[in-house]
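Work through the exercises below with the structure open beside you, and try each task before you read its solution.

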Amino acid sequence: MSTENLNKEKSWEKLKEMVDDIKVAMMVTGLEKKPINAIPMSTKKVDEKGNIWFISMGNSEHNQNLKTNPDVHLLYSNPDDMEFMSLYGKAEITKDRAVLEDLYNPRTDNWFDGPDDPNLTAIKITPAEAYYWDTKTNKYVTLFKMGVGALTGDNKDIGEKGKLNL
């Protein structure tokens with residue numbers, strides 16, 4: 001696997017591409033505590049500035065953790081296509097009506113009573129640092145290349161990894 005640390009512009013493109021493709025992240029909060037709190041979260045969008053948006057229940061444990069410490073770690077994983085990203089950033093919770101209306105979807109967010117639900121919040125993650133692994137092919141092709149490499153002794157390029165310079 002080759003290492004490719006991307007420049008700023010390509011880093012933002014790669015981040016958006018991977019987040020849009022994977023969609024669900026494990027959001028890790030309470031980083032200063034043991035055990036940490038990790039919960040699967042569905043990404044609502046990546047905005048034009050590269051912020052990643054989620055909606056959440058205001059009374060959730062992760063929201064409470066973020067009020068105390070805004071540090072957050074997002075772990076995106078798509079094992080079928082061998083795509084992974086680890087992203088660290090700062091979180092900000094908002095109840096801005098326009099933001100909630102933009103992010104809320106009645107088909108996918110049926111645990112809320114609409115954008116007027118008093119427990120509905122939005123979480124904006126401002127990325128600070130990220131690292132990615134992307135094979136560019138599905139796991140079967142990757143495993144095949146690895147097998148061929150093991151048999152022939154050739155190092156097969158099975159993808160790329162690197163730091164996203166945000």
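The two exercises that follow concern a predicted model, and they deal with a pocket and with the pairing of strands.

**Exercise 1.** Describe the largest pocket by its volume, its lining residues and the strands that contribute to the lining.

*Solution.* Begin with the general idea that rolling a probe the size of a water molecule over the atoms shows where empty space is left. The largest pocket in this model has a volume of about 180 Å³. Next, look at its 13 lining residues, of which Pro40, Met41, Ile55, Ser56 and Trp111 are the closest to the centre of the pocket. Then sort the lining by residue type, which gives 7 nonpolar, 4 polar and 2 charged residues. Finally, turn to the strands: S3 (37–42) and S5 (52–57) each supply at least two lining residues, and the largest share, 4 residues, comes from S3.

**Exercise 2.** Follow the chain through strands S6 and S7, and determine in which sense, parallel or antiparallel, they pair.

*Solution.* First locate strand S6 at residues 71–78 and strand S7 at residues 83–94, which pair in the antiparallel sense over 8 bridges. Within this pairing, valine 72 stands opposite glycine 89 in S7. Now examine the connection, where S6 and S7 form a hairpin with 4 residues between them, and where methionine 82 in the turn has a positive phi of about 55°. As a last step, continue to strand S8 (residues 120–134), which runs antiparallel to S7 and is joined to S7 by 12 bridges; here threonine 94 stands opposite alanine 122 in S8.

Key. Residues are numbered from 1 along each chain as its sequence is written. This is a predicted model: local features need pLDDT of at least 70, side-chain atom pairs count only at pLDDT 80 or more; totals for chains, interfaces and linings use all residues. Side-chain values use heavy atoms; hydrogens and water are left out. On a 1 Å grid over the protein atoms alone, a cavity is a set of points where a 1.4 Å probe fits but cannot get out, and a pocket is an open set with protein on both sides within 12 Å along at least five of seven lines; lining residues have an atom within 4 Å of a point. Grid points are joined across faces, edges and corners, and a volume is the space filled by probe spheres set on the points. Ala, Val, Leu, Ile, Met, Phe, Trp, Tyr, Cys and Pro count as nonpolar, Asp, Glu, Lys and Arg as charged, and the others, Gly among them, as polar. Two strands pair if DSSP finds at least two bridges between them.
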